[in-house]
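This briefing presents selected features of one protein chain for a first-year reader. Please keep the sequence and the three-dimensional view at hand while reading.

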Amino acid sequence: MGKAKKILLISLISILFILFLIFHFVNNISINTFSLVYISTSLIFLVISLLIFKVELKFKEVAIITALGLLIRFSFINTEPVGSEDIYRYIWDGKVQANSINPYLYTANDSALVDLHSEILPSKLNFAHMKTIYFPLSQWFFYIGYTLSGEDVWGYKLLLFIAELLTIIFLYFLIKKRNSELKYLLFYVLAPLPIIHFALDGHVDGFGLPLFILSILFYFTNKKILSAILLGLSISIKPVGLVLLP
C-alpha cells in the first residue's frame, strides 16, 4: 500500500507541474484558462497534501521533489505575468530611481517623467495616475531588478527566485529545529500560491517571506531581538506578516 501511495503522489506531482507548464506554451492566456489552471492545481495540491501525511519520504526523495519545485519556479524567470500587472509598477519605480528621481514624487503620467516613457512603460501600469504605494525597502529591490535587466522582467524575477530559495532553506532549518519530518517542506515547495504569485506574476510579497520565516526561526532559537528586527523588515516590504503571524 505504501508503494501505491508513492506512485500516486509522484503521478499527481507530475500532473501539477504539467499544468504549470501550460503558462509557458499557451499564448495570450484568457482569464478563464488562468482560473481553470489555478483551481485545478489547487485541487491537486489538496490531494497531494493529504498523501504527504500518509507516505514516508526519504531525504533524497524530498530533495528531488524540491529541486523540481525550484526548477519550475526558475522556468518562469523570463515569462510575462498572467494574473497581475503589478510587476510593471515595480520595474517603473526601479527605472525612476535609476534616473536619480524619488519614486514618491510623481505619478507615472506626470509630464516631469515624460522622457522616461517607453513602448511598455508606463502604458502597462495599473493606476498610472497614482503615485507609488510601495515601501522603501521594496523600492531597493525594484531598483536592483531594473539595474540588472532594464525593462525586462528577468532581473526582478531573479531576485524573487533567490528569495524563494532562501524561504525554502529557512523552512528546512525551521522544520529541523521543530523536530518535524522533512516531508512537510513539500507543503510549501508544491503549493500553487507561491509558484503562481511569485514565480509567474512576480508579486513583491515574495521578498518579505524569507525574512518572516527567518524571524520565526530566530524566535525558536531564543534570539528574540533579532527575530523582532527581521519581522519588522518583513513588514516593511509588505505587511503580510501581520496577517500570517497570528
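The points below concern a predicted model and are grouped by topic. They begin with one lysine, then turn to empty spaces, charged pairs and backbone features.

**A buried lysine**

- Lys-157 belongs to helix α6, which covers residues 154-177.
- Although Lys-157 is buried, it has no salt bridge. The nearest side chain of opposite charge is that of Asp-201, at a distance of 6.4 Å. A salt bridge requires the nitrogen and the carboxyl oxygen to be within 4 Å.
- Which backbone atom does the side chain of Lys-157 reach? The side chain of Lys-157 comes to the backbone oxygen of Phe-76, at 3.0 Å.
- Leaving aside residues up to four places away in sequence, Lys-157 touches Phe-76, Ile-77, Thr-79, Ile-87, Ala-199 and Leu-200.

**Cavities**

- How many cavities of 30 Å³ or more does a search of the whole structure find? The search finds 2 cavities of that kind.
- The volume of the largest cavity is about 70 Å³.
- Lys-157 appears again here, as one of the residues that line the largest cavity. The others in the lining are Arg-73, Ile-77, Leu-160, Phe-161, Glu-164, Phe-198 and Ala-199.
- Two helices, α6 and α8, each supply at least two residues of this lining. Helix α6 gives the most, with 4 residues.

**The largest pocket**

- The largest pocket has a volume of about 320 Å³.
- A total of 17 residues line the largest pocket, and those closest to its centre are Phe-198, Asp-205, Leu-209, Val-240 and Leu-244.
- Four elements give two or more residues to the lining of this pocket: α8 (192-200), α9 (205-220), α10 (224-237) and α11 (241-244).
- Phe-198 is therefore found in two linings, that of the largest cavity and that of the largest pocket.

**Salt bridges**

- Side chains of opposite charge can pair when their charged atoms come close.
- The count for this model comes to 6 salt bridges. Three of them are described in the following points.
- Glu-61 forms a salt bridge with Lys-6, and their closest N and O atoms are 3.2 Å apart. This pair links distant parts of the chain, with Glu-61 in helix α3 and Lys-6 in helix α1 (residues 2-25), 55 residues apart.
- Glu-61 counts as partly exposed because its relative accessibility is 26%. Lys-6 also counts as partly exposed, at 25% relative accessibility.
- Asp-93 and Arg-89 have side chains that meet in a salt bridge, at 4.0 Å from N to O. Both residues lie in helix α4 (residues 86-98), and they are 4 residues apart, so about one helical turn separates them.
- Are Asp-93 and Arg-89 buried or exposed? Asp-93 is buried, with a relative accessible area of 1%, and Arg-89 is buried as well, with a value of 8%.
- Glu-181 and Lys-183 supply another pair, whose side chains meet in a salt bridge at 3.7 Å from N to O. Glu-181 counts as partly exposed, at 36% relative accessibility, whereas Lys-183 is buried, with a relative accessible area of 3%.

**Backbone features in loops**

- Which residues are joined by a cis peptide bond? The cis bond joins Leu-121 and Pro-122, and its omega is about 5 degrees.
- Pro-122 lies in the loop between α4 and α5 (136-149).
- Asn-179 has a positive phi of about 55 degrees, although it is not a glycine. Asn-179 is located in the loop between α6 and α7 (186-189), and it is exposed, with a relative accessible area of 71%.
- Asn-222 likewise is not a glycine, yet it has a positive phi of about 65 degrees. Asn-222 is situated in the loop between α9 and α10 and counts as exposed, at 62% relative accessibility.

**A separation in sequence and in space**

- Leu-68 lies in helix α3, which covers residues 59-74. Leu-68 is partly exposed, with a relative accessible area of 36%.
- How far apart are Leu-68 and Thr-132, C-alpha to C-alpha? They are 36 Å apart in space, and 64 residues apart in sequence.

Key. Residues are numbered from 1 along each chain as its sequence is written. This is a predicted model: local features need pLDDT of at least 70, side-chain atom pairs count only at pLDDT 80 or more; totals for chains, interfaces and linings use all residues. Side-chain values use heavy atoms; hydrogens and water are left out. Buried means under 20% relative accessible area, exposed over 50%, partly exposed in between (1.4 Å probe, protein chains only). Lys and Arg count as positive and Asp and Glu as negative; His and the chain ends are not counted. A polar contact is a pair of N or O atoms within 3.5 Å; within protein, one must be able to donate a hydrogen and the other to accept it, and residues adjacent in sequence count only if both atoms are side-chain atoms. Contact means heavy atoms within 4.5 Å. On a 1 Å grid over the protein atoms alone, a cavity is a set of points where a 1.4 Å probe fits but cannot get out, and a pocket is an open set with protein on both sides within 12 Å along at least five of seven lines; lining residues have an atom within 4 Å of a point. Grid points are joined across faces, edges and corners, and a volume is the space filled by probe spheres set on the points.
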